[in-house]
Amino acid sequence: MQYLNRLLATFLSLVLVAGIAACGSTVDDEQNPNPDESLAELIDDENFSTLRTALEVAGLENILDGKEEYTLFAPTNDAFDRLEEGVLDELLKEENRDDLVELLKFHIIEGVVTSDDLEAGTYETLAGIDVTVRIDEDGIFYENARVIDVDWFAKNGVIHTLDDVAIPPVDEEHEEEEEVDEDEDEKDKDEKEKDEKPKYTILELLAADEDFSTLVTALELTGLDQALDGHDKLTLFAPTNDAFDALPEGLLDELLKEENRDELVKLLLFHVVEGKVTSADLEQGRIKTLASTSAFVEIHDDEVFYQGARVIDVDWFAKNGVIHTLEDVAIPDKKIDEKTIFELLQTDEDFSTLVTALELTGLDEALDGDENLTLFAPTNDAFDALPEGVLEELLKEKNRDQLTQILLFHVIAGTLTSHAIVVGTYPTLADIDVFIDIENDSVFYENAQIIGFDWFARNGVIHVLDAVAIPPEE
């Protein structure tokens, strides 16, 4: 493709230097394409006979005649005739088939992009190469080629007409290196990346793997299989068969019954996020699901948890999104409140002492803000268990700094749910590490036992302590 690109680029520069004006539309402006015809049928026109021949030689005519929707930027016969002499003949030869396929795919964008939708910027083409669309006083340009006619609507997309063959941009520095030393390893890498371009939808990938047969059955029962087989970009957190088998006995059978269809739909949608969210995009915090509720994503020691379910495999790319695999079914029935941590504490009289202490120190504002935090909250009984007179001393104005330090020792940055807690040290907002231990299924936050878990707030989570945690002596 390098040799052909150089020929094409050279010819293009000659055309520009010569000042050849863009030709007028080669199609009848009053033509009203029949929307019942496919893209392939629309270009069955004498002005596009060269393009049609090239598509047939490349074996691409079927994709323009299928159900997938595309936008085709179609060079006219005159556009192909403008190529430097001999270039088109070379492209149509069997040995240059891959180059022809790449060139043609560079003229196709996934989805329907009408003239009203077109904006200046870059668009990903089916060639896996970004094309630059420029819009100025001279018109609309698709890379080097001017758009001379727009919006030929087909039942599977739309066509815009070009006055030149669009030339894929060339990485001149990389090309120069390859000319000098013929870097075969780099060529192999490029070919591998091209081969790995996703060809299947999320549903097709699931259906091809027997480890997801239960999930596929559930999706088909609810009709959600169609959503995962469509064009919208989605992210699926996919429980395996083992994950479903680990549900309490009888629960899966109940969910699959007709009378519980709504609950099953809600459960499945809780595992789907709008857009393509790769592992690199995942951040700790709340993420909105298609169930209209939020799931918590936690990241600890390079492990990722989705609503407490461990992510055991990531970035299974599909042409309509990405799949991450879960070892458990994510359960959306945890108590998630839209109140802040501080507001939740105010609703429960068992935390009135803690609320008073937070207000005295001004830390109530931190627990009422937008930053995600984890509070290990001592109850009133926990404060009462302090040695006699200690609480009264701490609440005095002169000991405000000491009280602040103790309270900050009970707060960790981020959302740390019970599923993500492991034995080890954690940095607190007091700049002192706390040690969390697990003994015989009991969890201890320094000296205090955690007696209540996962009280979810809008800005984090609360765990309840039976004692006031005492910072270790330095």
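**View 1. Thr71 and its opposite number in a seven-strand sheet.** Let's start with one pair: Thr71 stands opposite Ile109 in strand S2. Thr71's strand is S1 (residues 70–75), and S1 and S2 run antiparallel, paired over 3 bridges. Two strands count as paired if DSSP finds at least two bridges between them. Strands here are DSSP runs (E, at least two residues) and helices are too (H or I, at least four residues), all numbered from the N terminus. A word on the source: this is a predicted model, where local features need pLDDT of at least 70 and side-chain atom pairs count only at pLDDT 80 or more, while totals for chains, interfaces and linings use all residues. Residues are numbered from 1 along each chain as its sequence is written, and side-chain values use heavy atoms, leaving out hydrogens and water.

**View 2. The whole sheet around S1 and S2.** Follow the 7 strands across and you get S2-S1-S7-S6-S5-S4-S3, an open sheet with mixed pairing. S2 (108–110) and S3 (121–124) are at the edges with a single partner strand each, so one side of each has no neighbour in the sheet. From one strand to the next, the twist averages 30°; the axes behind such angles are lines fitted to C-alpha atoms (for helices, over the stretch in contact), and the angles run from 0 to 180 degrees between N-to-C directions.

**View 3. Phe48 meets Trp152.** The model has 10 aromatic pairs, counting rings of Phe, Tyr and Trp (its six-membered ring) whose centres lie within 6.5 Å; planes under 30 degrees apart are stacked, over 60 edge-to-face, and the rest tilted. Phe48 and Trp152 make an edge-to-face pair, 5.8 Å centre to centre with 75° between the planes. Phe48 sits in the loop between helix H2 (39–42) and helix H3 (49–58), and Trp152 in strand S6 (residues 145–154), so this pair ties together parts 104 residues apart in sequence. Are these two buried or exposed? Phe48 is buried at 0% relative accessible area, and Trp152 is buried at 3%. Buried means under 20% relative accessible area, exposed over 50%, and partly exposed in between (1.4 Å probe, protein chains only).

**View 4. Phe296 stacked with Phe456.** These two rings are 4.6 Å apart, centre to centre, with 20° between the planes, which makes a stacked pair. Phe296 belongs to strand S11 (residues 294–300) and Phe456 to strand S20 (residues 448–457), so to speak a link between distant parts of the chain, 160 residues apart. Both Phe296 and Phe456 are buried.

**View 5. Helix H10 and its cover.** Which residues of H10 (residues 213–222) are buried? They are Thr214, Leu215, Val216, Ala218, Leu219 and Thr222. Among the elements covering them are helix H9 (202–207), strand S8 (234–239) and helix H13 (261–269), where contact means heavy atoms within 4.5 Å. Right after H10 comes Gly223, with a positive phi near 80°.

**View 6. The S17–S18 hairpin.** Strand S17 (residues 424–427) and strand S18 (residues 433–439) run antiparallel, joined by 4 bridges. Tyr426 stands opposite Val434 in S18. The hairpin has 5 residues between its strands, and in the turn Asp431 has a positive phi of about 65°.
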